[in-house]
Amino acid sequence: MAAQTETAPSRVGVIHRVAGSPVTLWFGFIGAQFVLAILNLYGSGYPIADVSSVYRYWTDQALVANYWVGIDGPWVYPILAILPMLAAHGLYPVAAGIPAFAPATLGAGLYTGTWLTIVMLLNIAAFGVLVGWGRRRDRFASGWWWIAFLLALGPIALGRIDSVTVPIAIVGALLIATRPRLAAVLLTIGAWVKVWPGAIVIAVVVASKARWRALVAALATSAAIAAAALSFGSGAHVASFVTEQTGRGLQIEAPVTTAWMWMTWAGVSGTSVYFDRDILTWQVTGPGVGTASDLMTPLFLLVV
């Protein structure tokens, strides 16, 4: 009995020492990135299809046909979302030089490999800021939480445009208390890639004593981005992401779609998963889908 009592605390101590090691923490984070990258490239169902087909299509459309989404026509994303997509095209040699990606870096795979490299590097930079590059042991628990969350989320954690905004938002959130203006600028840039970091800006305006400094910085950043887009001739297309999202159905990754996903799996009549070729995404159809879709936007605004 005494031996068992002594063994349990010693095991806990070993776990604490391992989890508290900067080397272990960094190994865990980088290892998680590579696991998700390999799953994206070689996993069942090809999880990174959005990047290899849709994002690459928009990039080729811009560079080959000189048709720029958000400038020459409406787009579902804010205008800055095109920048990481273009970066994935311009940095092909980076991905090609990583041995783990080399077998997949041919044709469309070259674009996806470069995309994954960019996202991984952004995540590593944000992780470094989060844990003080291994010196902030009081933040190691947050680091391990991020690792666990990435693995739980799966390949989509690296294979969507949202992946670019996560590290930006994390760094911005960490700066709110000490540098609210810079935090607001970063979060606003993130919101012009994918809207959700704007919710953090709203939270800062509501809850922070530095709300006015943050609000002015956010508005100035938005004005500068909009002015740049307008200077390229975007016109009203610069705000098209607001209206382009309103007519869509329920995408399979939306939490509200869970019930219809299970009904499809169970073979409920009239319920199925289909690929919407207008907005290039997987959605569900079935009883009540239209009503649920119509309610989501007002419900979202109410919750905010």
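Two strands are taken to pair if DSSP finds at least two bridges between them. Helices (H or I, at least four residues) and strands (E, at least two) are DSSP runs, numbered from the N terminus.

The model is predicted: local features need pLDDT of at least 70 and side-chain atom pairs count only at pLDDT 80 or more, whereas totals for chains, interfaces and linings use all residues. Residues are numbered from 1 along each chain as its sequence is written, and side-chain values use heavy atoms, with hydrogens and water left out.

**Whole chain.** Display the full chain, whose secondary structure comes to 14 helices and 3 strands. Of its 304 residues, 40% count as buried (under 20% relative accessible area, with exposed over 50% and partly exposed in between; 1.4 Å probe, protein chains only).

**The hairpin.** Select residues 272–276, which are strand S2, and residues 281–285, which are strand S3. S2 and S3 form a hairpin with 4 residues between them. In the turn, Leu-280 has a positive phi of about 60°. The two strands run antiparallel and are joined by 5 bridges. Label Tyr-274, which stands opposite Gln-283 in S3, and then Val-273, which stands opposite Val-284.

**The whole sheet.** Add strand S1 (250–251), which is an edge strand, as is S2; each pairs on one side only. The open sheet has the order S1-S3-S2, with antiparallel pairing. S1 is joined to S3 by 2 bridges, and Gln-251 stands opposite Gln-283 in S3.

**Across the sheet.** Next select residues 258–266, helix H13, which lies across S1, S2 and S3. H13 runs at about 115° to S2 (axes are lines fitted to C-alpha atoms, for helices over the stretch in contact, and angles run from 0 to 180 degrees between N-to-C directions).

**The largest core.** A nonpolar core is a set of buried Ala, Val, Leu, Ile, Met, Phe, Trp, Tyr and Cys residues joined through side-chain atoms within 4.5 Å. The largest has 51 residues, and Tyr-55, Met-85 and Trp-115 touch the most other members. Among the elements that give two or more residues to this core are helix H3 (49–65), helix H4 (82–90) and helix H6 (108–130). H6 gives the most, with 9 residues.

Centre the view on Tyr-55. Which residues does Tyr-55 touch, not counting residues up to four places away in sequence? They are Asp-50, Tyr-77, Met-85, Tyr-111, Trp-115, Arg-160 and Ile-161 (contact means heavy atoms within 4.5 Å).
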